Amino acid sequence: MRYQTQRIAYWYFLAALALFAVQVLGGLTIGYIYIQPNFLAEVFPFHIVRMVHTNALIVWLLLGFFGAAYFLVPEESETEVYSSKLAYLQLVILLVGTLGAVIGYGFKVHGGREFLEQPLWVRLGILVAAVIFLFNISMTVLRGKKTAITGVLLMGLWLLSLLWIFAFINPANLSLDKMYWWFVVHLWVEATWELVMAAVLAFILLKLTGVDREVVEKWLYVIVATALFSGILGTGHHFYWIGLPGYWQWVGSIFSTFEVVPFFLMMSFAFVMVWKGRRNHPNKAALLWSLGSSTVAFFGAGVWGFLHTLHGVNFYSHGTQITAAHGHLAFFGAYVAMNLAIITYAMPILRNREPYNQVLNMASFWLMTGGMAFMTFTLTFAGTIQTHMQRVLGEYYMVVQDDLAIFYVMRFGSGVAVVLGALLFIYSQLVVRKSEVIRPGRANPAPETSDPIPGE
């Protein structure tokens, strides 16, 4: 570890992993409720468990992004974080807000808007935490070395924080409300979060492969340009049927088609960097997660998104299990796997250990990725049947749901694999065999850099 304040990332990663466990266990519970609808109905109804599942996902991914920033920005800027006290205050605010939201959900206190159900005081707390983060990390970059990676990362984090303001706007007009709602949800996951993903991926591959920084930066600029070009007007594929003008059907269809491009470029970027790489880095698990993230993101966000984004198709398929298939694989590939990649890379450095438990870590990758792929195929088949029976033949919704029962059983089985993989990943990060612990006095291997560690 080259800079002492990189240690801040460790606590963000720990909090992220704890919420990751909550999120996947909540998802497994939801999967079981699809099979046994009355399960926990009196204690935690389906909509409450779903809130916990989706909100835990969003918060732990954000914690991962913040942790990644606190880890890589000092390295890139060649300076310590501006204020470690502000960083820890930000973490406390986020954790208190998360705990308060979950308790509130248990007592049926929530905002009601999907993904933005947090009570007002929690949303305000998130905004304060975001402002603290932006000030802290921006000051760090301003007083240190500027690179393309920190520039793109800051752009993504500034934009996602500014877009959070729309979470406070709740107009009476339902069409306007949904439009502002998509400004947060879509422009987060299909624009600004892509910038964060690209910056983190570039940093990891720079460290793992040893490719020249100039090559990495050229790829990064192209990815950013295509992500913003396609993602902003690609929001239109959510405007098809909410009461907005009909021209959005064509604008949304055309620009949503281009949304495949940045994910294809990220996948190509990852494999080209590994092919060109001159460094045989010992952390093979981090490399596996990086390549896996870019590949699964291309299929989940790119291909599966394109399958039902054209308005002529979406007219029949929107809101079906096809949407769920796309959402699960896209989130897992683009953001879950990328967070797990940076955690896999950073944890051995933060804990002053060589890459450890890599077999378990890579086993968790295949368990989670295989489970998520099977879940995606299952939900895709279920959604195709649902679309035909419900939207074409006009069958009643609950009749169709009964006919899809076998797919929900298979989806639950794949969810078990994902949960086992997630718990195995957490174990591989936090528990280490005695033989793998570096003895006191042994030098930090830091294989990714030959620079001296300050203070040595």
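Guide: Helices here are DSSP runs of at least four residues, numbered from the N terminus. Keep in mind that this is a predicted model.

Visitor: Thanks! In which helix is the place of S161?

Guide: S161 sits in helix α5, which covers residues 148–163.

Visitor: Is S161 buried or exposed?

Guide: The general idea is a cut-off: buried means under 20% relative accessible area. S161 has a relative accessible area of 8%, so S161 is buried. Leaving aside neighbours within four places in sequence, S161 is in contact with A130 and L134.

Visitor: Let's try another helix. Where is A334, and is A334 buried or exposed?

Guide: A334 belongs to helix α12, residues 321–350. Its relative accessibility is 1%, so A334 counts as buried. If you set aside the neighbours within four places in sequence, the residues in contact with A334 are M197, F263, S293 and A297. You can also look at G292: it is 42 residues from A334 along the chain, and the C-alpha atoms of the two are separated by 9.4 Å.

Visitor: Now the bigger picture. Which residues does the UniProt annotation cover?

Guide: The unreviewed UniProt entry carries the annotation "domain: Cytochrome oxidase subunit I profile" for residues 8–431. That span is 79% helix and 0% strand, and its end C-alpha atoms lie 20 Å apart.

Visitor: Which domains does the domain assignment give?

Guide: The assignment gives domain 1, residues 1–146, and domain 2, residues 202–434. Domain 1 puts 27 residues into the contact, and domain 2 puts in 32 residues. Taken over C-alpha atoms, the centres of domain 1 and domain 2 are separated by 20 Å.

Visitor: How much area do domain 1 and domain 2 bury between them?

Guide: About 2,700 Å² is buried between domain 1 and domain 2, with 81% of it on carbon and sulfur atoms. On the domain 1 side, L17, Y34 and F71 lose the most area to domain 2; together they make up 22% of what that side buries.

Visitor: How many salt bridges are there between domain 1 and domain 2?

Guide: The count between the two domains is two salt bridges. To see a salt bridge in this structure, find E75 and K207: their side chains meet in one, at 3.2 Å from N to O. There are also four residue pairs in polar contact across the interface of domain 1 and domain 2.

Visitor: Which helix gives the most to the side of domain 1 that touches domain 2?

Guide: Two helices to look at are α1 (8–35) and α2 (46–77), and each supplies at least two residues of that side. It is α1 that gives the most, with 14 residues.

Visitor: One last topic, backbone angles. What sign does phi have in most residues other than glycine?

Guide: Most residues other than glycine have a negative phi. Here, L40 is not a glycine, yet L40 has a positive phi of about 60 degrees. Look for L40 in the loop between α1 and α2. With a relative accessible area of 32%, L40 is partly exposed.

Visitor: And what is phi of E78 near?

Guide: Phi of E78 is near 55 degrees, a positive value in a residue other than glycine. E78 lies in the loop between α2 and α3, where α3 is residues 84–106. E78 has a relative accessible area of 44%, so E78 is partly exposed.

Terms used. Residues are numbered from 1 along each chain as its sequence is written. This is a predicted model: local features need pLDDT of at least 70, side-chain atom pairs count only at pLDDT 80 or more; totals for chains, interfaces and linings use all residues. Side-chain values use heavy atoms; hydrogens and water are left out. UniProt positions are given in the numbering used here, feature names are shortened, and annotations may be inferred rather than shown by experiment. Buried means under 20% relative accessible area, exposed over 50%, partly exposed in between (1.4 Å probe, protein chains only). Contact means heavy atoms within 4.5 Å. Domain bounds come from an automatic or database domain assignment. Buried area is the accessible area (1.4 Å probe) that two parts lose on being put together, summed over both. A salt bridge is a side-chain nitrogen of Lys or Arg within 4 Å of a carboxyl oxygen of Asp or Glu. A polar contact is a pair of N or O atoms within 3.5 Å; within protein, one must be able to donate a hydrogen and the other to accept it, and residues adjacent in sequence count only if both atoms are side-chain atoms.
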